[in-house]
Structure formats: C-alpha cells, structure tokens
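Subject: The structure for you to look at

Hi,

Here is the structure I promised to pass on. Have a look at it first, and then read my notes below.

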Amino acid sequence: MNRPTLLLALSLLLGIGAAAPALRAQETRADNAMALHHMHAVINHAVEMAAEGSNLVMLGEMRMAPGTDELAAEHGKGAIREAKALVKKVMESKAMAELHKQGQGESREMAYTHKLAEAANAYIDLLAEMYSVNKK
C-alpha cells in the first residue's frame, strides 16, 4: 500500500474507532427510550383494565342479569385492584431500577414516566374509592 492510501485507511479506522463510544451511547439511549415506551404501554393497559373493571362493576350494580351481576361486579373490582398492582410493578421493576442506576432518573422521559404513573394511580384510586374496592 502506498503512503497516502495507508494514511487514509488509518485515519478512517481511527475515526470509526473514535466514534464507537458515541454509537454505543446512542444505542443505549434508544434502548432506554424503548424500555420507557414499553413501561408507558403497560401503565396505559392498567388504566384500561381499571376502566373496564369500572364498567363491569356498574353493570353488576344495575341488577339486570341475576346470576351474572355478582360475577361482573366481583371481577370488575378485581380488575381495578390488579390495575393498581400493575402500575406498582412497573414503577418498582428491575428495569426501572436499572434505568435510575444508569443515571436516567433526571431525564425528561423518566420524569414523564413518573408523571404518567402518578396520573394513572390517581385515576385508579378514584375508581377504587367509588366502588369501595379494598386493597388486598
């Protein structure tokens, strides 16, 4: 190899090597964003569970389908309890702890995740209060 070609190859190689940490950091941020996105999806699912549970309790309380009303109300209250537990599981998960350990606790996305969980819990708590759902 002639000298200019060797210098060009070496500079490219060193340039790519120098960029590797930045690429890894970018990959880590994308992985963290995906983990938070999945947490958001689970929190949203918990809210949907609580809403469906509320519907079942309301239907059961109407006493329009003897023999099924009790089942609907019981299952609805269970869905509300499980929704609350699901949000708690997400916020206390190993994945959440790992993100905080990596220093993501102060990120805008993490702040949003905690705000979303707080809002979900407030909504679920209101439904639980409305239907006297005791926490098991």
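Let's begin with the surface: the protein chain exposes about 9500 Å², and carbon and sulfur atoms supply 62% of that area. Keep in mind that this is a predicted model. Of the chain's 136 residues, 27% count as buried.

As for the fold, you'll find 4 helices and 0 strands, so to speak an α-α-α-α pattern when you read along the sequence. Helix 1 covers residues 3-61 and helix 3 covers 94-101, while helix 2 takes in residues 69-91 and helix 4 residues 108-130. If you take the contacts between residues at least 6 apart in sequence, 74% of them join residues at least 24 apart.

Now for the inside. Which residues have the most contacts within the largest nonpolar core? They are Ile43, Ile80, Val87, Met91 and Ile124, in a core of 24 residues. Helix 1, helix 2, helix 3 and helix 4 each give two or more residues to this core. Try clicking on valine 87: leaving aside its neighbours within four places in sequence, valine 87 is in contact with Ala46, Ala117, Ala120, Asn121 and Ile124.

Next, the charged pairs. Side chains of opposite charge can pair when their charged atoms come close. How many salt bridges does a search of the whole structure find? The search gives 3, and here they are:

- Lysine 84 pairs with aspartate 125, with the closest N and O atoms 2.7 Å apart. Lysine 84 sits in helix 2 and aspartate 125 in helix 4, so this pair ties together parts that are 41 residues apart in sequence. Lysine 84 is partly exposed, at 23% relative accessible area, and aspartate 125 is partly exposed too, at 32%.
- Arginine 63 pairs with glutamate 70, and their closest N and O atoms are 3.5 Å apart. Is arginine 63 buried or exposed? Arginine 63 counts as exposed, with a relative accessibility of 54%, whereas glutamate 70 is partly exposed at 43%.
- Arginine 108 and glutamate 109 meet through their side chains, at 3.6 Å from N to O. Arginine 108 is exposed, with 66% relative accessibility, and glutamate 109 is partly exposed, with 36%.

Then there's the way two of the helices pack. Two packed helices are described by the angle between their axes and the distance between the axes. For helix 3 and helix 4, the angle is about 145° and the axes are 11 Å apart. Their crossing is left-handed. To see where they touch, look for Met96, Leu99 and His100 in helix 3, which meet Met110, Thr113 and His114 in helix 4.

One last spot to visit is methionine 58, which is found in helix 1. Methionine 58 counts as partly exposed, at 37% relative accessibility. How far apart in space are methionine 58 and alanine 73, C-alpha to C-alpha? The distance is 7.2 Å, although the two are 15 residues apart in sequence.

If you want a path through all this, start at valine 87 and its contact with Ile124, then go to the salt bridge between lysine 84 and aspartate 125, and finish where helix 3 packs with helix 4.

Cheers

Definitions and conventions: Residues numbered from 1 in each chain as written. Predicted model: local features only at pLDDT ≥ 70, side-chain atom pairs only at ≥ 80, totals over all residues. Heavy atoms only, no water. Buried < 20%, exposed > 50% of the residue type's maximum accessible area, 1.4 Å probe, protein only. Contact = heavy atoms within 4.5 Å. Areas by Shrake-Rupley, 256 points an atom, 1.4 Å probe, with all protein chains shown as cover. Salt bridge = Lys/Arg side-chain N within 4 Å of Asp/Glu carboxyl O. Core = buried A, V, L, I, M, F, W, Y, C linked by side-chain atoms within 4.5 Å. Axes fitted to C-alpha atoms, helices over the stretch in contact; angles between N-to-C directions. Left-handed = near helix turned anticlockwise from the far one by under 90°.
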